[in-house]
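Visitor: I would like to walk through this model with you, one question at a time. Could you show it to me before we start?

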Amino acid sequence: MTIFDVLTLIGGLALFLFGMNVMGDSLEKVSGGKLESILEKMTDNRFKGVLLGTVVTAIIQSSGAVTVMAVGFVNSGIMALRQVIGIIMGANIGTTATAWILSLTGIDAESSIFLQLLKPSSFAPLLAFIGIILLMFSKGEKKKSVSTILLGFAILMIGMDTMSSSVEGLKNVPEFTGILTKFSNPILGIAAGFLLTTVMQSSSASVGILQALSSTGSVTVASAFPIILGQNIGSCTTVLLSSIGANKNAKRAAGAHLVFNIIGVILASILFYGSNFLFSLPFFDDAVGPASIAVIHSVFNIFTTIVLFPFGTLLEKLMCFIIKDDPDDKKNNKEEAGLVEERFLYSPSYALDKVKEKCNQMALLAKTNISMSLDFLKVYSRIKDEKIQENEKLLDRYEDELETYLVKISALDLSVADSMRQSKYSHAIGNFERIGDYGVNILKTKRKMHKAKIHFSDDANRELDIMGKAVKEIIENSTEAFINDDLELAQTIEPLEQVIDNLKSQLRAKHSKRMNDSECTIENGMLFFDIINSFERIADHCSNLAVCIIELSQGSYQTHSYLKGVKNSDNRSYMKSFEEYLNKYAVN
């Protein structure tokens, strides 16, 4: 083996890893977080968990990503520990799909024409050609993602084929054969597999490397078996690292993955080496190829799952025994409720789905605060005073954490649709928080009036009641439009916002006249103006929300152009709604 073979091996490995990464990312984009949502909603029993874990892992080609997501489910309280144990078992089976695909490199050159067409050297260039044509000439994002899947897969297979070709010369190197023979020692083999997978951070990649080496004919069943066992333990490293800083249940889920694989390794080792000791297995020292390694990988993971599946509840209890609860854990878990889950960043689309859920909660909090503030204006209530302040603190917390989370999401490779969602949620978060602020402004004004025993006139109270009802309707419509992505309802916001602007002008004029006629004091007037200013600003932020919903649904965000166009006198729909709201909230 020459220095050029080594360089070819390095290049093949680079192509292999790059292709795997591109294909995995593209598959995630195409799925759009739907697979993760299915996992979340359809794991009410362990059998479904195993099935879904297998299918999802086989599709997105990453057991690490699926298992880390499962830990995230537990950490965020979406799932119980017993539910994710099934997903973990299924992920171990699903990850073997990659090995079967890579085993195509081992097809004999003297096989039939049909089998020859299945060799990577035959179909990978064609897939790469189709992929690049689609990438260059397709306009739709879905088609571009499909093209990158084809390109990623082709590059992966070409890389695998390149690695296999580059190591062919090793079969004539006695030192290489001697090294592999040492891995027949179970301890050394398991350690080698563990270290390789830990460094690669991917069991699929490390199995692929082993398959490439097997093309030399120097890898035997005795050396491949313990390496594969070690690779399965090494696959737990990513998950264990992701559980750092998580709650106790999430740590138990990550620990369950490790314990599951360790128990499987122990049982498989006892069965394999025990059988060889008793019966001298005839294939023990036989050479293996890529397909044989895929078989060993699959059999081990299926065997482990079948044996341990009935003991899922005991595994859960074992993890609870190993990782015990502290007295303050329940309190800490309560304090962490509502936090965004960092582990969901493995799937940007799914992470955005979770952000949407939190934004919906913000919307309801903001609406509740405004509703209480409007009631608060009529009668002072210490209970509502405290509740409004409590909600405002929660809104501030949501804004800080969600905006930080969205910044992290924006740094990922997002589809155009997800980029639009990220922008939409960012705008929504800011508007909901500001709406909550104006609710607090109303609270402070009423609190000041209560302490100083200041009261408005009957006319002023009636006018505030009319404008308050308009504000209540616009906040209800805007939050509902956002939560349900209701474009039709969003289009009713702008005419109502214009009516509220008109009401502000009318009420200012009427109250200024009362002040000039000495019917109320300057202090009363300032407090009245503060309230209607807050009303008007709440409506403005509702308008911002509506424009954001409408514009981003069309792939743009041109606020001024939209408002200029929608308020055109030729817009009959707008004018009709405006007239209806004008009559509904008329101040006599």
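Visitor: Are F272 and Y273 buried or exposed?
Guide: Happy to start there, with the reminder that this is a predicted model. A residue counts as buried when its relative accessible area is under 20%. F272 meets that rule and Y273 does too, so the answer is buried.

Visitor: How many aromatic pairs are there, and what kind of pair do F272 and Y273 form?
Guide: The count comes to 14 aromatic pairs. For F272 and Y273, the ring centres are 5.0 Å apart and the planes make an angle of 80°. Planes over 60 degrees apart fall into the edge-to-face class, so this pair is edge-to-face.

Visitor: Which residues form one aromatic cluster with F272 and Y273?
Guide: Two further phenylalanines belong to the cluster, and both also turn up in a separate core of 25 residues, which includes I190 and A268 as well. The cluster partners of F272 and Y273 are F225 and F284.

Visitor: How many residues apart in sequence are the parts that the pair of F432 and F482 ties together?
Guide: The two rings are edge-to-face, at 5.3 Å centre to centre and 80° between the planes, and both residues are buried. F432 belongs to helix α21 (residues 416–452), while F482 belongs to helix α22 (residues 458–484). The pair therefore links parts of the chain whose separation in sequence is 50 residues.

Visitor: Which charged residue sits over the ring of F482, and which lies over the face of F528?
Guide: Over F482, the charged end in question is 5.0 Å from the ring centre, and it belongs to K356. Over F528, the distance to the ring centre is 5.9 Å, and the residue is R514.

Visitor: Which helix gives the largest share of the largest nonpolar core?
Guide: That core has 104 residues, and I409, F432, I435 and F535 have the most contacts inside it. The largest share is 13 residues, and the helix they come from is α25 (residues 522–553).

Visitor: Which residues does I435 contact, leaving aside neighbours within four places in sequence?
Guide: I435 is one of the residues with the most contacts inside the largest nonpolar core. With those neighbours set aside, its contacts are A366, I370, I475, I538, H541, C542 and L545.

Visitor: What span should helix α27 have, and what do its end C-alpha atoms show?
Guide: Helix α27 (residues 572–584) has 13 residues. At 1.5 Å a residue the expected span is 18 Å, and the C-alpha atoms at its ends agree, being 18 Å apart.

Visitor: Where around the axis of α27 do its buried residues lie?
Guide: The buried residues in question are Y574, S577, F578 and Y581, while R572, K576 and N583 are exposed on the other side. Because an α-helix has 3.6 residues a turn, residues three or four places apart point the same way. The buried four of α27 cover an arc of only 105°, which puts them on the same side.

Visitor: Is G255 buried or exposed, and which residues does it touch?
Guide: G255 is in helix α15 (residues 248–279). Its relative accessible area is 10%, so G255 is buried. Not counting residues up to four places away in sequence, G255 touches L240 and M319.

Visitor: Which residues does T237 touch?
Guide: T237 lies in helix α14 (residues 236–242), and with a relative accessible area of 15% it is buried. Beyond residues up to four places away in sequence, T237 touches F194, T198 and Q201.

Technical notes
Residues are numbered from 1 along each chain as its sequence is written. This is a predicted model: local features need pLDDT of at least 70, side-chain atom pairs count only at pLDDT 80 or more; totals for chains, interfaces and linings use all residues. Side-chain values use heavy atoms; hydrogens and water are left out. A nonpolar core is a set of buried Ala, Val, Leu, Ile, Met, Phe, Trp, Tyr and Cys residues joined through side-chain atoms within 4.5 Å. Buried means under 20% relative accessible area, exposed over 50%, partly exposed in between (1.4 Å probe, protein chains only). Helices (H or I, at least four residues) and strands (E, at least two) are DSSP runs, numbered from the N terminus. Contact means heavy atoms within 4.5 Å. The expected span of a helix is 1.5 Å times one less than its number of residues. The arc is that of the directions from the helix axis to the C-beta atoms. Rings of Phe, Tyr and Trp (its six-membered ring) pair if their centres lie within 6.5 Å; planes under 30 degrees apart count as stacked, over 60 as edge-to-face and the rest as tilted. A charge sits over a ring if NZ of Lys or CZ of Arg is within 6 Å of the ring centre and within 35 degrees of the ring normal.
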